[in-house]
Amino acid sequence: MPRRKISPAKRLLIATRAAFLCEYCRIPEDFSTDVFNIEHVNSLLHGGTNADNNLAYSCGGCNANKHFHISWNDPQTGTLVPLFHPRKDKWREHFSWSEDFTLLMGLTPPGRATIDLLKMNRPGLVNLRKALLSYSAHPDM
């Protein structure tokens, strides 16, 4: 399927629905050095579409690491599992924060696989979370 440009109106709808947070790592767009993207949850390569229920708001880092993947191995069990799906799954059922709110922890096989593939605890994100905490701007505080 050819890639079609997402309209500015649809981009705003998707960003607003996500509260201007990456729907994976939860970094606020206003504090990120990454450009945010409209991401296909189920890639066009795998039959995904530009329908609203297949689009997510994603920071550049999570989007680049996810690429076209829809599944990944759970690092705990080695089993291939579907990735977290922001339109179908509840974020808090798959992820939690470390006690100091700097690291994401996977609660389920899809949560662990998503953290692993998207590198959701990459050093830049951990440092940004620390800064957000010091400014009382962490999205989940």
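**Around Cys25 and outward**

Setting aside neighbours within four places in sequence, Cys25 is in contact with Cys59, Cys62, Trp97, Leu104, Met120, Leu125 and Arg129. The structure is a predicted model, and Cys25 is a convenient place to begin reading it. This residue is found in the loop between H1 and E1. Is Cys25 buried or exposed? With a relative accessible area of 0%, Cys25 is buried, because the cut-off for that word is under 20%.

The surroundings of Cys25 belong to a wider group. In general, nonpolar side chains of soluble globular proteins tend to be buried together. The largest nonpolar core here has 31 residues, and those that touch the most other members are Tyr24, Cys25, Cys62 and Met120. Which elements supply at least two residues each to this core? They are H1, E1, E2, E5, H4 and H5. Two of the four residues just named, Cys62 and Met120, also appear among the contacts of Cys25.

From the core we can turn to the aromatic rings. The structure has seven aromatic pairs. One of them joins Trp91 and Phe95, with ring centres 5.2 Å apart and an angle of 40° between the planes, so the pair counts as tilted, a term for angles that are neither under 30 degrees nor over 60. Both partners are buried: Trp91 has a relative accessible area of 11%, and Phe95 has one of 2%. Ring pairs also build a cluster made of Tyr24, Phe84, Trp91, Phe95, Trp97 and Phe101. Tyr24 thus has a place in the ring cluster and in the nonpolar core. Trp97, another member of the cluster, is in contact with Cys25. As for Trp91, its C-alpha atom is separated from that of Cys25 by 9.9 Å, while the two residues are 66 residues apart along the chain.

Trp91 has a charged partner as well. The charged end of Arg26 sits over the Trp91 ring, 5.3 Å from the ring centre. Arg26 also takes part in a network of salt bridges with Arg92 and Asp140. In general, side chains of opposite charge can pair when their charged atoms come close. Within this network, the side chains of Arg92 and Asp140 meet with N and O 3.0 Å apart. Arg92 lies in helix H3 (residues 91–94) and Asp140 in the segment after helix H5 (123–134), so this salt bridge ties together parts that are 48 residues apart in sequence. The two ends differ in their cover: Arg92 is exposed, with a relative accessible area of 56%, whereas Asp140, at 14%, counts as buried.

How many salt bridges does the whole structure hold? A search finds six. Another of them joins Glu39 to Lys66, whose closest N and O atoms are 2.6 Å apart. Glu39 is in strand E1 and Lys66 in helix H2 (residues 60–66), and the pair links distant parts of the chain, 27 residues apart. Both residues are buried, Glu39 with a relative accessible area of 1% and Lys66 at 2%.

A further salt bridge connects Asp52 with Lys10, the closest N and O atoms being 3.2 Å apart. This pair also links distant parts of the chain: Asp52 is in the loop between strand E1 (36–40) and strand E2 (55–59), Lys10 is in helix H1 (residues 8–17), and 42 residues separate them. Here each partner is partly exposed, Asp52 at 30% relative accessibility and Lys10 with a relative accessible area of 24%.

The last stop is helix H4 (residues 109–118), which is mostly covered, with eight of its 10 residues buried. These are Pro110, Gly111, Arg112, Ala113, Thr114, Ile115, Leu117 and Leu118. What do the buried residues of H4 pack against? Their neighbours are H2, H3, strand E3 (71–73), strand E4 (80–82), strand E5 (95–97) and strand E6 (104–106). At the start of the helix, a side-chain oxygen of Thr108 reaches to within 3.0 Å of the backbone nitrogen of Gly111. After H4 comes Lys119, with a positive phi near 55°.

How values were computed: Residues numbered from 1 in each chain as written. Predicted model: local features only at pLDDT ≥ 70, side-chain atom pairs only at ≥ 80, totals over all residues. Heavy atoms only, no water. Salt bridge = Lys/Arg side-chain N within 4 Å of Asp/Glu carboxyl O. Helix = DSSP H or I, 4+ residues; strand = E, 2+ residues; numbered from the N terminus. Buried < 20%, exposed > 50% of the residue type's maximum accessible area, 1.4 Å probe, protein only. Contact = heavy atoms within 4.5 Å. Polar contact = N/O pair within 3.5 Å; in protein donor to acceptor, adjacent residues only side chain to side chain. Phe/Tyr/Trp six-rings, centres within 6.5 Å; stacked < 30°, edge-to-face > 60°. Lys NZ or Arg CZ within 6 Å of the ring centre and 35° of its normal. Core = buried A, V, L, I, M, F, W, Y, C linked by side-chain atoms within 4.5 Å.
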